[in-house]
Amino acid sequence: MTPHEQTFELHRPRLLSLAYRMLGTRADAEDAVQDAWLRWRQADPDAIRDATGWLVATVTRLGIDRLRLAQVARTDYVGPWLPEPLVVDDAPGPAGRAEFAEQVSLAFLALLERLGPEQRAAFLLREAFDYDYASIATMLGQSEANCRQMVHRARERLQAGRARFPAVAPERHRQLLERFLEASGSGDRAAIERLLHADARLLSDGGGKATAALRPLHGADRIARLYWAVARRAPARLQRRIGIANGEPAGLQFLDGRLQTVTTIVCDGERIAEIHNQMNPDKLRLH
């Protein structure tokens, strides 16, 4: 391996982390990094003074291009689109938890979908990777003032999306999820309703490849009735347990040993405001 190639491999984890946060799926992130590798391999090493900046800028621009294409493609996506879990474990140990905790939560990735491609890139570069505005401006081909404004507006949009819900202790988050899984698994409508905000929302991503609600479902009563109906038809060999997905508690559902659903929640410590079910088999391949 040449020094030029070694430099890229040294930066690959950081580049994958950025691309995943921008794009929300492992496959898209890996494709973006691979495209960056092809450009890096063809570049003149002597002409690159800042390898890190060059690579991050390249992946950022590739990510923006892919996000624009994805926005068009997702108009034809079957049902709601949710991000893909990067790390799923049904029995994480202490070391594993520390590793998973470095990942972005699925709830936050879903929230990032509120942002436009360049706004999302500017926000991540500033907030997740701690670049200064001069560097962000160079990477995005924008003025520093525009970059500051994009990040400011991104913060406002994201805050509006989570203002109702203060930070919740991980143990309390897990307890609410466990109670919800127990109630939904048994089809206990009353128990499910007690756990949900009256205006709770359910999003299920089946991608047209798994049976899932084609539209967001609103209201505790409607969600409880859905889970009651599903529980009546659930096969006895279905297994449910608590695990970890991207560093946060997740309900994992297995059918004949195969991961079928990853469920995460957004809560305020007392009740659940959102339920996200990732059911698309293309996004549930364990790596």
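This note sets out numbered points on the sheet, selected residues, enclosed spaces and annotated regions of a predicted model.

1. **Sheet order.** Seven strands make up an open sheet, arranged as β1-β4-β5-β6-β7-β2-β3, and the pairing within this sheet is mixed. The edge positions belong to β1 and β3 (217-218), each of which has a single partner strand, so one side of each is left without a neighbour in the sheet.

2. **The β1 edge.** Strand β1, covering residues 88-89, pairs with strand β4, covering residues 238-245. The sense of this pairing is antiparallel, and it rests on 2 bridges. Within it, D89 is placed opposite I244 of β4.

3. **The β3 edge.** At the other edge named above, β3 is joined to strand β2 (residues 196-205) by 2 bridges, and these two strands run antiparallel. Here R201 lies opposite H218 of β3.

4. **The β4-β5 hairpin.** Strand β4 is also joined to strand β5 (residues 248-255), through 8 bridges and in antiparallel fashion. Q239 stands across from F254 in β5. The two strands form a hairpin with 2 residues between them, and the turn residue N246 has a positive phi of about 55°.

5. **E248.** Is E248 in strand β5 buried or exposed? With a relative accessibility of 8%, E248 counts as buried because the cut-off for burial is under 20%. Setting aside residues up to four places away in sequence, E248 touches S105, L106, A107, H173, G243 and T264.

6. **R271.** This residue sits in the loop between β6 and β7. Its relative accessibility is 39%, so R271 counts as partly exposed. Beyond neighbours within four places in sequence, R271 is in contact with L176, R194, L195, L196 and H197. One of these contacts, L196, is 75 residues from R271 in sequence, yet the two C-alpha atoms are 5.2 Å apart in space.

7. **E127.** Helix α6 (residues 117-127) contains E127. At 40% relative accessibility, E127 counts as partly exposed. Apart from neighbours within four places in sequence, the contacts of E127 are with V151 and R155. E127 and L196 are separated by 69 residues in sequence and by 31 Å in space, C-alpha to C-alpha. L196 can thus be viewed from two residues: the C-alpha distance is 31 Å from E127 and 5.2 Å from R271.

8. **The cavity.** How many cavities of 30 Å³ or more does the structure hold? There is 1, and the volume of the largest cavity is about 60 Å³. Its lining consists of L82, P83, L106, V262, T264, H276, N277 and Q278. At least two lining residues come from each of β6 (258-267) and β7 (272-278), and β7 gives the largest share, with 3 residues. By class, the lining of the largest cavity divides into 4 nonpolar, 4 polar and no charged residues. Two of the residues lining the cavity, L106 and T264, are also touched by E248.

9. **The second largest pocket.** This pocket has a volume of about 800 Å³. It is lined by 32 residues, and those nearest its centre are V230, Q253, Q260, T261 and M279. The elements α9 (170-186), β2, α11 (220-233), β4, β5 and β6 each contribute at least two residues to the lining of the second largest pocket. That lining divides into 19 nonpolar, 10 polar and 3 charged residues.

10. **Annotated region, residues 8-68.** An unreviewed UniProt entry places the feature "domain: RNA polymerase sigma-70 region" at residues 8-68. In the model, the chain over residues 8-68 is 84% helix and 0% strand, with the end C-alpha atoms 26 Å apart.

11. **Annotated region, residues 106-158.** UniProt, again in an unreviewed entry, lists residues 106-158 for "domain: RNA polymerase sigma factor 70 region 4 type". Over residues 106-158 the model is 77% helix and 0% strand, and the end C-alpha atoms lie 14 Å apart. L106, where the annotated range begins, is one of the residues that line the largest cavity.

Technical notes: Residues numbered from 1 in each chain as written. Predicted model: local features only at pLDDT ≥ 70, side-chain atom pairs only at ≥ 80, totals over all residues. Heavy atoms only, no water. Pairing = 2+ DSSP bridges. Helix = DSSP H or I, 4+ residues; strand = E, 2+ residues; numbered from the N terminus. Buried < 20%, exposed > 50% of the residue type's maximum accessible area, 1.4 Å probe, protein only. Contact = heavy atoms within 4.5 Å. UniProt positions renumbered as here; feature names shortened; annotations may be inferred. 1 Å grid on protein atoms, 1.4 Å probe; cavity = no way out; pocket = protein on both sides within 12 Å on 5 of 7 lines; lining within 4 Å. Points joined across faces, edges and corners; volume = space filled by probe spheres on them. Nonpolar A, V, L, I, M, F, W, Y, C, P; charged D, E, K, R; others polar.
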